[in-house]
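Student: Could you take me through one part of this protein up close? I'd like to see how the annotated binding site sits in the fold.

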Amino acid sequence: MSQSSAALTFELVGRCSTTRARASILTLPHGQVNLPIFMPVATQASLKGLTPEQLEGTGCRLCLNNTYHLGLKPGQEVLDAVGGAHKFQGWKHNLLTDSGGFQMVSLLKLANVTEEGVRFLSPHDGSPMLLTPEHSMSLQNSIGSDIMMQLDDVLVTTHPDKARMREAMERSVRWLDRCITAHKYPERQNLFCIIQGGLDLEMRRDCCKEMVARDTPGIAIGGLSGGEAKDDFCKVVQTCTEMLPDLKPRYVMGIGYPEDLVVSVALGADMFDCVWPTRTARFGNAITKNGVLNMKREMYAADYGPMEDGCGCQCCRPVEEEGSLGITRAFIHHNAAKETVAAHLLTLHNVWYQLNLMREAREAIIADEFPAFVKKFFAGLYPEQENYPSWAVDALRGVGIDLLET
């Protein structure tokens, strides 16, 4: 089954017979992307510490740029002159850009949201600035991203004012209409809507109905990873995915912990992004199937094994394999606190891990072995079943997987 729009084709190639997990092929202007997928975040048009070639080598075919930061620097004039962000950063694969609104609200205390847009003070010189749906679209058109996000009115899910939450949800729908009108290049760039509504499931359902009616090429679930309980997070994802059309990609924004990814795939989501894998690398941490390892610990000083046995990343593969670096834990430990090379190598490893986790999930879905994959994943992270997080146990039980079943 497949569905196409002007700049996107979505083909469903496999379903889990137990859960709501799907495997699909997303074809965008800069090539094919296999879903489910984790998308690394290249905020300033670069993934910190990696060259475009190294990022490509991890298997990444869709990463993020940040509209807010690129709009400030290098600025729209430079992006127009160079021909967009793909050329600017030497990236020949697909790009997704956020709208810019999240940074205005989350990073800048002096931001004020009105129907017109988000008013804020420039972090550079304190001058008044305004981001409207129209300006967000103009910036993203200049960036040339393959997927661009609508400007939405973002509140943290734990916001106590229900009336303000409904106002934000309804405003996000109105702003989507303005984004659709302002979008100059629908034949080569895809505009995704964003479902809001906090933790109120009825509000989320209302927003889903409105957003689905606009028939954008893809649909995002926004406003999560804002400090809410994981149980509530799972309920929002499941409530939304149950209402979304089968033949469109579903993107849960801001999600990056491995457990969150696996559970969200089981609940029917396809796309995820987060800065965590790259940020935690800069703190000296390696993501592995048995959990996160702090490579600064003295126990790794004389450990001459790879960061993770059996890992297929360029760092961990045996040194005799072509293209392998054969990096040891001892080398990472030695450099973790004093040289940037350790952060670069950990970033390479962590990004590969996240992408490969989704590749393995996809293969399991296509083979209709996804429940077994999920059980093996959680067993690797938690040797004792009594340590399994209750939120994951409950969410997976709701879609037919009993993690505690012996």
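Tutor: Let's settle one word before we look: contact means heavy atoms within 4.5 Å. Keep in mind, too, that this is a predicted model.

Now for the site. In UniProt, an unreviewed entry carries the annotation "binding site" for Asp98, Ser99, Gly100, Gly101, Phe102, Asp152, Gln196 and Gly223. From this set, Asp98, Ser99, Phe102, Asp152, Gln196 and Gly223 belong to the lining of the largest pocket.

Let's zoom in on Ser99. You'll find Ser99 in the loop that runs between strand E7 (94-97) and helix H4 (101-107). Is Ser99 buried or exposed? Its relative accessible area is 5%, and buried means under 20%, so Ser99 is buried. Setting aside neighbours within four places in sequence, Ser99 is in contact with Thr67, Leu131, Ser136, Gln140, Met149, Gln150, Leu151 and Asp152.

That last name, Asp152, is on the annotated list as well. Asp152 sits in a loop too, between strand E11 (147-149) and helix H6 (162-182). With 6% relative accessibility, Asp152 also falls under the 20% cut-off, so Asp152 counts as buried. And what does Asp152 touch, again leaving out neighbours within four places in sequence? Its contacts are Ser99, Ser172, Trp175, Ile194 and Gln196.

So here's the picture to hold on to: Asp152 is in contact with both Ser99 and Gln196, and the record's "binding site" annotation covers Ser99, Asp152 and Gln196.

Conventions. Residues numbered from 1 in each chain as written. Predicted model: local features only at pLDDT ≥ 70, side-chain atom pairs only at ≥ 80, totals over all residues. Heavy atoms only, no water. UniProt positions renumbered as here; feature names shortened; annotations may be inferred. 1 Å grid on protein atoms, 1.4 Å probe; cavity = no way out; pocket = protein on both sides within 12 Å on 5 of 7 lines; lining within 4 Å. Helix = DSSP H or I, 4+ residues; strand = E, 2+ residues; numbered from the N terminus. Buried < 20%, exposed > 50% of the residue type's maximum accessible area, 1.4 Å probe, protein only.
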